[in-house]
Amino acid sequence: MAKDLLKLENVYFAFTSIAEPTYKYESKIEKEFKTTIVLSKEQAKDFKRLKLNKTVKEIDTKEFEAKYKFAPPFPEQEEQYFIQVSKRATYKDGNPTPAFTHPKAYFPVDGIAVEDTKVLIGNGSFGNVSLETTMSTKGNQLNVSLYSVLIKSLVPYNKPKAGDEWAEEGLTVGTRTSAGTVEEDVNDDLPF
């Protein structure tokens, strides 16, 4: 099976899991690396012409921010266009796939693309993506999977603490003292 790379430039990313794979939809065993790639209308048209196994989906621009947690990158368009791509992190039995097959994340540093796959990539990050295309076993369709990303403009993702019910609001938990000042709750750090 021949593998080729398809590069999409100047796209936006949402729900990216490269540093830490997530469970596949409706699975508690299999994990995957994934991202949602937000495309311009022109990029979406070009992608559709390739006739790959990925469907370009769309969402009304006015509904985009509520779902993707960042402003629509193409506000002049009536719809925002996106594709979801992934790469297997485990086999069907839950055992991990070899590390060399995992997608990579790169960041420009002084004109050099530096790999740092442990950086958490937040929604609204901007850059390029390389997709691996592989002919299906029947030879009638090109399959697409996530290969690597080059993040030109990173929106850092701040992972919420376990059990932090207000993290989605961008708040940390604190307590008000009798003097009226607010102190961040540090009970997680106590040795008992």
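**Exercise 1. Classify Glu26 as buried or exposed, then locate it and describe its backbone.**

Step 1. Glu26 has a relative accessible area of 71%, so it counts as exposed (over 50%; buried is under 20%, partly exposed in between, with a 1.4 Å probe and protein chains only).
Step 2. Glu26 lies in the loop between strand 1 and strand 2 (31–39); strands are DSSP runs of E, at least two residues, numbered from the N terminus.
Step 3. Glu26 is not a glycine, yet its phi is positive, about 60 degrees.

This is a predicted model, in which local features need pLDDT of at least 70, side-chain atom pairs count only at pLDDT 80 or more, and totals for chains, interfaces and linings use all residues. Residues are numbered from 1 along each chain as its sequence is written, and side-chain values use heavy atoms, with hydrogens and water left out.

**Exercise 2. Give the same description for Phe15.**

Step 1. Phe15 is found in strand 1 (residues 3–23).
Step 2. Its relative accessible area of 38% makes Phe15 partly exposed.
Step 3. Phe15 also has a positive phi, about 50 degrees, although it is not a glycine.

**Exercise 3. Which strand is joined to strand 2, and by how many bridges?**

Step 1. Strand 4 (residues 79–88) runs antiparallel to strand 2, and eight bridges join them; pairing requires at least two DSSP bridges.
Step 2. Glu32 has Arg88 in strand 4 as its bridge partner.
Step 3. Seven of the nine residues of strand 2 are buried, so strand 2 is largely enclosed by the rest of the structure.

**Exercise 4. Which residues does Val149 touch?**

Step 1. Contact means heavy atoms within 4.5 Å.
Step 2. Leaving out residues up to four places away in sequence, Val149 touches Phe13, Ile18, Lys104, Ala105, Tyr106, Ile121, Asn128 and Val129.

Definitions and conventions:
Helices (H or I, at least four residues) and strands (E, at least two) are DSSP runs, numbered from the N terminus.
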